[in-house]
Every structure is written in C-alpha cells, then in structure tokens.
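Please look over the structure below with its helices, its nonpolar cores and its enclosed spaces in mind. The briefing that follows takes these topics in turn.

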Amino acid sequence: MADHVQSLAQLENLCKQLYETTDTTTRLQAEKALVEFTNSPDCLSKCQLLLERGSSSYSQLLAATCLTKLVSRTNNPLPLEQRIDIRNYVLNYLATRPKLATFVTQALIQLYARITKLGWFDCQKDDYVFRNAITDVTRFLQDSVEYCIIGVTILSQLTNEINQADTTHPLTKHRKIASSFRDSSLFDIFTLSCNLLKQASGKNLNLNDESQHGLLMQLLKLTHNCLNFDFIGTSTDESSDDLCTVQIPTSWRSAFLDSSTLQLFFDLYHSIPPSFSPLVLSCLVQIASVRRSLFNNAERAKFLSHLVDGVKRILENPQSLSDPNNYHEFCRLLARLKSNYQLGELVKVENYPEVIRLIANFTVTSLQHWEFAPNSVHYLLSLWQRLAASVPYVKATEPHMLETYTPEVTKAYITSRLESVHIILRDGLEDPLEDTGLVQQQLDQLSTIGRCEYEKTCALLVQLFDQSAQSYQELLQSASASPMDIAVQEGRLTWLVYIIGAVIGGRVSFASTDEQDAMDGELVCRVLQLMNLTDSRLAQAGNEKLELAMLSFFEQFRKIYIGDQVQKSSKLYRRLSEVLGLNDETMVLSVFIGKIITNLKYWGRCEPITSKTLQLLNDLSIGYSSVRKLVKLSAVQFMLNNHTSEHFSFLGINNQSNLTDMRCRTTFYTALGRLLMVDLGEDEDQYEQFMLPLTAAFEAVAQMFSTNSFNEQEAKLLIYRYPSYMPILQRAIELWYHDPACTTPVLKLMAELVHNRSQRLQFDVSSPNGILLFRETSKMITMYGNRILTLGEVPKDQVYALKLKGISICFSMLKAALSGSYVNFGVFRLYGDDALDNALQTFIKLLLSIPHSDLLDYPKLSQSYYSLLEVLTQDHMNFIASLEPHVIMYILSSISEGLTALDTMVCTGCCSCLDHIVTYLFKQLSRSTKKRTTPLNQESDRFLHIMQQHPEMIQQMLSTVLNIIIFEDCRNQWSMSRPLLGLILLNEKYFSDLRNSIVNSQPPEKQQAMHLCFENLMEGIERNLLTKNRDRFTQNLSAFRREVNDSMKNSTYGVNSNDMMS
C-alpha cells in the first residue's frame, strides 16, 4: 500500500513538472518518464488510483489520456468486460464530481466517446452494450444546469468522435460505425437537442447566468455537430466549403417539413447575445443546405419561403452583423440560397423583390467597407456569380430583377477597390493586391457578374479608365507631380487592368454578341495604349504590380481571342485595326512577343514578373496555329539566335542572382525548344546556330576545370545553366555533390536524357550509343551515390533537400535506363563491363542508408523507389536473389509496408514487385522438386534458403493482402489479386489456418456462408501460375469479395481484422 502511495506521489510530481515547469530539460525528462508509465503493464490500475486519490487536476488528466490510449490500441486490445467497467466508471466519476477542471471533464468525455465508438458493434448476451448513449446521459439532463452541460457535452463529443475517421483503424470500419450510429441514434440526439433549445428559448434565458450561457453554447454545438455529420461518407476535407449539400436521411423529413425547426433558429438568433449568434447561423447554413430531393416541389417552395423570410428579417435588423463572425456566417448563408435553390424557385417566393433589394444593398455596403472582414466577400460574390450565370436559363415568368441590381454590385466592387488605393498608400495598410490568390478568386467571380448587363460594365470601365489614364499622363508630364499622386493613379490603373482582363476572360462564346466583342475591343485598345506608355518609361521607372496586372490581362486575352478556336472576323480585331493598326492575329502576336522581350530585358531580376512572362511565352508556344505564326516573327527568330545574358539578363550570373529563381530557365528553354522544332526538319545549321550560346558557355566551364583556376560560384551557375558534356557534368557532381542547387538540375537532365519518352531513343543496329549512354548513367549514379553517402548526419528538416531528393532522382534515372529497351544488359557481364553491377550496387547502398519510414513519408521518393523495384524484380530478379539476407529482408519489409500505403500508385507497384518475387520463388521451388540434370544456380539456391529461414515475411504479406481485400476499401483489386495466388500456393498450410480463423470469427449462423466463400475462391484453381489460371483466380476473387461483403453487412459481430494479422 505504501508503494502505491509513493508511486502516486511520484506520478503527480511528474505531471506537475510536465504541465507547470518552465525548464525545458525537466519537462522533457518528465515527458519521457510518463511515456514509459503509459507503456507499463500496471498502467490501467494506476490510472484508476490516480482518478480516485490524485490531488491535482493534472494527474486526473494524465489518467484520462492514458486510458484513452489503452482503449484505442489495435494490438492487444482490452477485453470487453474491462471496457464496459471503464465506461461505467467514467460516467459515475462525472456524475459524482461536477466541479472537475474543464480540461479533465473534457478528457473523460473524450475517453467515453472513444470507448463507445470502438465498441459500437460489441455484443454481450445479444445486447449492443455501447449503444445506450442517450440512456447514459438522461440522468445528467434531469439534474441541475452543471450536470445538464456535462450530458449535452457527452452527446456532442460522441457525435463528433464517430464522425471523424482515424488513421489507426480501417476506413471501412469507420464508415460502418458511422452509418449504424446515423441510423440508430443520430436523429434522436438531434431531436433531443432541438427540444432542449426550445425549452431554453421558451424559458426566457437568464443571459446574466454564466452556467446557462454554457448550456446554450453546448446545445448549439451539439445541434451543429448533428447537422454537420458526414451522412454518406463524402467529406474528405473539412476545410472545404464546396460540399454545399447536406445529405439528410429521408427519415429526418418530419423535422424539416415542420417549419418550427427553422423558425427556432431564426428566433434564437434575434433573442440571444451576438457572441452566440455565429453558431446559430452555422446551424442555419447547414439547414439551408439540406438536399433538394428531401422535399417534393411544393414542400421545397414552402421551406424556401420560410428560409427567405428569416433572411429578410435579419437584413431588416442588421445590428448583430457588425460582429465579424456573425457577418461571415451570414454571408455563407446567403451563398447557400443560390447553391441549393434555382433562380426560378427564388423568384417565385412571395417577398423576392424586397429580399433581392435588401441583399443587393447589403452586398453594396459590404463591398464599400472593403477593410471589414475581407475573407467573407467571397461568399457574397459567389451568390451574385451564381445568380448572374443562371439568367440565360431561368424560365419563370416572374421578374428576377438582376438587370437592375447586378450592375450595382459590379460598380460597388470596382469603385471600392479604386477608392481603397489612396487610403492604403496614405495609411500604410496591407495591400490586397499582394494576396494574388484572393484577388484572382474574386476576379473569377466578377468575370461572370460583370458580363451580366455588359454594356453598363464596359461604360463604367471605359469612364474610370479614361479618367485615371488621363490623370496619370498629366502627372508624368508635370515636373511638380508628387510620387504619392503617381502611385495612386498606378494603383487604380492596376486594379482596372486586372478587372478588364477578368471581364474579357468571362466571355462565353455561345452567349456573346458582336456588340460585346466590339466593347472588348474598346477595353483592349486602352490597355495596350497604357502598355505603350509604361513600356516607354521602363528605362527610368516601372511599377511591378501594374506589370503583373498587364500579364494577367494578356493571359485572359490569349485564352479568349488567340488560338485555333477563335473567329478571326471578330469585331474586336476590327476595333484593334481602327485604333492601333493591328489588322490580324499575327500582328497581335507580335505585340505579345514585344511585351515578353521588353519584360525579359527590363524585369530580368524580378522573379514574379519573369516567371509569369515566361509562362505566357510557354502558353503561346503550345497552340497549333499560333506557334506557326509566332516562329515567322523576326522577334522570335531574334530570341532563338540570341538567348544570352547580354540580351536577357535573367540568364546572367552576378552576385544578386538567386539559385532558387533559376527555374525560369526551364520554362524559357521549353518554349524556345517548341518554337525551334516547328520548322526545323533536318536543318542542322539552324540547330547548330541555336546551340551556339550553350556551346560557348560550356567551353568556358571546360576551360575553368582544365586550369583549376575558377570561381566556384560562377562555375556552379554555368553548370546549372548549360549542362551538356558528360565529363564536365561528372566533375560538377564530384565537386558539389553536397549542393542540391547544382546536383538537382544535372541529375534531372541525366534522368531526362535516358528516359525513352515516346520511343525517341532509336539507335541504329550497329550503334553502340545505347550502351555508351548507360555507361555514363552508371558513372553518374555511382559518383553521386558514393559521394552523398559521405555527408554524415543531416538534420531531419533538411534531409530531403540535401540527400533524399538527389537519391530519388537517381532511382528515377536508373529505372528509366533499365526500362528504356535500348540496352541489352546481358552484354555487360559477358564482356566483363562492371557498369550495370556498379549502378545496382550503388542503388543498394543508397537504399540501406534510408530508414523505412522515410521511404513512405516522402511521396516522390516512394514513387521512384517502388517503380525502380518493380523493374528490378521483373527483369533483374537474379540480382535481387544474389543479395545478402539483411538486404533481401529490408526490401521485403519495404514491400510489406508499401502494400498498406495510401498512395494507390505505390500500393499497385508493391503488388507487382511481390508478384514477380513470388512467381520467381514458385518457379525455383518447382524446379528444385523435379529431377533435372541442371541444378539451381547459386543465387536461386541462396534465395530459396533465405525464404525458408524466414517464412513469416511472406506469410505476413499474405495476411496483409487478404485483410485489405476483405475488410478495406480495396481500390486496386486486380493488382492485389496477382500476387495473392502465388502467396497462397507457397503457404498452403498457413492459408488454411488463416481461413479457419476468419470463418471462426464470424457468428455461428454466418460461418457456413463464409466457409463457402473460401471454397468458391479456390474452385477450379490449379497448382500453377500460368496466365489462364491467374485470370480465373482474379475472377473468383471478385466474386469472393462481393460475397464476403454481403455476408458481413448483416453480421451482428464486429469482425476484428487485426486477428488475422497476429
């Protein structure tokens, strides 16, 4: 007994150190000791002692969290009786100690919710012992407010817990529990919550009573959790607001047909303090999003009418909307009006004319106060975007009145953005233009809104643009103009150019008229004239944001008016011809190229402008007709022949250049490559001319290496720019293996060179080039691999950038070379060439330097490793078989872990690797049991011996594959089926035991059906791995999975998939 008291005192002291001390070392030591305690065998009993006798809240918290971990573990789970005892103990503990610290109460409720969820299908004497949540909390709800809060919190936490999938249990098990909870309990909890809210609102809440505040808050959270439940298993991302439909079950119809449910929340909104209103509005957002099919047409119209009335009442009394949270949720509610109901239904609502006027006024006011809750504007614009997009399709006779209000919204957005410029510059506020993602999102929405009543939008834009452009020109010509005034006009013009680009991008071909195209022409002319003005001043000064707006405009203009699908007779071109003398698309393309060259000349050191300019060039080079017109332009020919730093400063090297900004060059040369290839044919002179700048730079690097007198930074940059001749690349890797800025592009170039994309590497019969190319690849991999392994310990946060990324590219390079079909790998050993052996041995060294966890933690590394392993097991199995036992076990372990990976590509690759290994094993075993004159080679014999020494690895993978097929959402069933037959044939006794274990885990009445499923699985299957036999097994497996799922659907027992894995 004294020991217990002493150990309790120690635990309490450790808890204090963990939660209260400011000394990091003490806290880490306490944390380490407590982790050991949670893993100790007597943890359960000590947790109970801590709860009974612990004097501090921290020790109670420790006990609750430890118990939660114990009941959550998948290996060695607690017995059913023990879990029932813990559940009952927690309920009694909460009932007898209402004054616990909030975080302790929360942790205990979390423990209760976890036990209930994980034991949802557990039976004791034909009774589901963990499904009595409402009964469990009834005694709390009938007591004082403090107890009532605990009861409601239990239901709220339980609903939330069951709604959330966790990574430690299969997703299919989570969905079965969630579906059962939804069907058996959720509606009762929702009804209980609504009734308690009605009682609370009917009693005229005492808003000065803190405890009643707490109860109201918990009731609203509970209701919101019920409405936010993932009813059909679709919500993978909670942060997404795109899932606008709440899939309420049909059995809930009565609650939503009863208008008092909707009315309750609108009444609550008006009667409770603003601090609670956001939760009420969140509930209303969910109610407004109920699936359309829950109602018939008449019921939907009635429901919508009540909803619109409630919105109207809020808009008529907008005082609470001054709170940003309320405002945000109300904007979400308005957006749902159109996302879930059609414009034709909205216009039939009795108060529609008044409501649309109020919404328009609210939107205009919101847009004018641009500094208030800017993240909520998205929802308002979303509403108007959907309304405007619906106008051509609305069939109702009632007027929608959008022709009146949409121009007001457009005008409010445009004018408010322009008016904000002066205030932002004057007060030094954060400029919204710097958040390009938010601006682009709003402009995409405005592009549709502005196209409704387009004449008014254009007239407004022309008027505002002319005013700002004239003021700007006058300021530039004035000697006394202040920089602030110039900056204001540039800011206004930046917004206008962005908006003009957006509304042009909103053109829909089937809904556009010649008049609208002519209006587009007016806007384009003005932007091009402004561009001529700003470009003429670039030698003195330029505005980065205005240039980015120009590039955004050009991108939209290109999408709509440049390309193969555009009608060249468009009125836009006629207007461009009249004003600027641009008669056809070729002349317009020359303006594009002129702008691109100007930007690259003057903005070469500004990465955002350079990258967007090059992206525009890249997009232009993709179009079939436009690229043929481009290549005829003298400016394009100039670029093809003069791509040097003298003309394009971003290609240059100086102390300001940043290695991370050099990705622009990839885009630049990709576009130039397309332009070069259009008419190249067999013109070698033109190709040589194009390569001259690259060749000259490379000769400079070669000269530096030969004299050993070079500037390291300069040489590295040149290597980065002009990777070409192999010896120089090898030398670069040798010198700067530790610097990814140099090694990554060199390795990527090599990986691209050896990749036989579209069968482009076609060598003559007498050509040795394939073998020579692989030799260079082997040298590169061996050089980099041996060097990178000398790096030593690398910090965890830098290990990918400094080491794993390069290794990943080497794996991709080797895979591309091995599967390129341009090298006969047999000749290497035949002629004593060690190139292949060196590359493969380096692969093994690199692989063993990577922990298993890293192989799956880094997606690119996973994909390159498993795709390489697939090629090796398919074509070089003799090499795999010759490896040391610990290497073979490492590879098999990585395959075993990859089978359960979330990435389907990785999982499929592992299945393929396993299939090749199992097939090899089966063939070798078959040969060894037959009397043959030729004995097995040494590698095969060793490999068989290793596998016989460690049968558990193959058996584990058989369990894993079967487990995935039976119990999980198997998305690559065909791939899983291929290795499974070989695994079964290699482990027939183990498979028989596994089958019996699964059959016996079923309820007695289901065991015969499950046994029959397994019989059918192997029906007609012979003991070989011929293609015909495999295909029959794959067909059997599809039927097996279907039958097993049907059998388990109605099972009253929760099959523990982990039994199979033990």
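**Cavities, cores and helices**

The residues that line the second largest cavity divide into four nonpolar, three polar and three charged. This cavity belongs to a predicted model, in which the chain has 1062 residues, with 52% of them counted as buried. The secondary structure of the chain comes to 50 helices and two strands, and among contacts between residues at least 6 apart in sequence, 75% join residues at least 24 apart.

**Cavities**

- A search of the whole structure finds three cavities of 30 Å³ or more, and the largest of them has a volume of about 90 Å³.
- The largest cavity is lined by V308, L337, L346, Y352, V355, I356, I359, L383 and L387, and by class this lining has nine nonpolar, no polar and no charged residues.
- Helices α17 (352-368) and α18 (377-390) each supply at least two residues of the lining of the largest cavity, and the largest share, four residues, comes from α17.
- The second largest cavity holds about 60 Å³ of space, and its lining is made up of Y472, E490, T534, R537, L538, A541, G542, N543, L546 and E547.

**Nonpolar cores**

- The largest nonpolar core has 221 residues, and those with the most contacts inside it are F256, F265, F330, W384, F553 and F668.
- Helix α22 (residues 483-505) gives the most to this largest core, with 12 residues.
- A second, separate core of 108 residues includes Y822, L846, I998 and C1013.

**Helix α12 and F265**

- Helix α12 (residues 259-271) has 13 residues, and from its first C-alpha to its last it reaches 18 Å, close to the 18 Å expected at 1.5 Å a residue.
- The buried residues in α12 are T261, L262, L264, F265, F266, L268 and Y269.
- F265, which is among the residues with the most contacts inside the largest nonpolar core, touches C194, L197, T223, V280, C283, L284 and I287 when residues up to four places away in sequence are not counted.

**Helix α8 and Q157**

- Helix α8 (residues 145-163) contains Q157; the helix has 19 residues and reaches 27 Å from its first C-alpha to its last, close to the 27 Å expected at 1.5 Å a residue.
- Because 16 of the 19 residues of α8 are buried, this helix is largely enclosed by the rest of the structure.
- Why does Q157 count as buried? The relative accessible area of Q157 is 14%, and the cut-off for a buried residue is under 20%, so Q157 falls in that class.
- With residues up to four places away in sequence left out, Q157 touches Q106, I109, Q110 and A113.

**Helix α40**

- Helix α40 (residues 859-875) has 17 residues, which should span 24 Å at 1.5 Å a residue, and this agrees with its end C-alpha atoms, which are 25 Å apart.
- Which residues of α40 are buried? They are L861, S862, S864, Y865, Y866, L868, L869, V871, L872 and T873.
- The buried residues of α40 are covered by elements including α36 (799-818), α38 (835-848), α39 (852-857), α41 (877-881), α42 (885-898) and α43 (904-929).

Notes. Residues are numbered from 1 along each chain as its sequence is written. This is a predicted model: local features need pLDDT of at least 70, side-chain atom pairs count only at pLDDT 80 or more; totals for chains, interfaces and linings use all residues. Side-chain values use heavy atoms; hydrogens and water are left out. The expected span of a helix is 1.5 Å times one less than its number of residues. Buried means under 20% relative accessible area, exposed over 50%, partly exposed in between (1.4 Å probe, protein chains only). On a 1 Å grid over the protein atoms alone, a cavity is a set of points where a 1.4 Å probe fits but cannot get out, and a pocket is an open set with protein on both sides within 12 Å along at least five of seven lines; lining residues have an atom within 4 Å of a point. Grid points are joined across faces, edges and corners, and a volume is the space filled by probe spheres set on the points. Ala, Val, Leu, Ile, Met, Phe, Trp, Tyr, Cys and Pro count as nonpolar, Asp, Glu, Lys and Arg as charged, and the others, Gly among them, as polar. A nonpolar core is a set of buried Ala, Val, Leu, Ile, Met, Phe, Trp, Tyr and Cys residues joined through side-chain atoms within 4.5 Å. Contact means heavy atoms within 4.5 Å.
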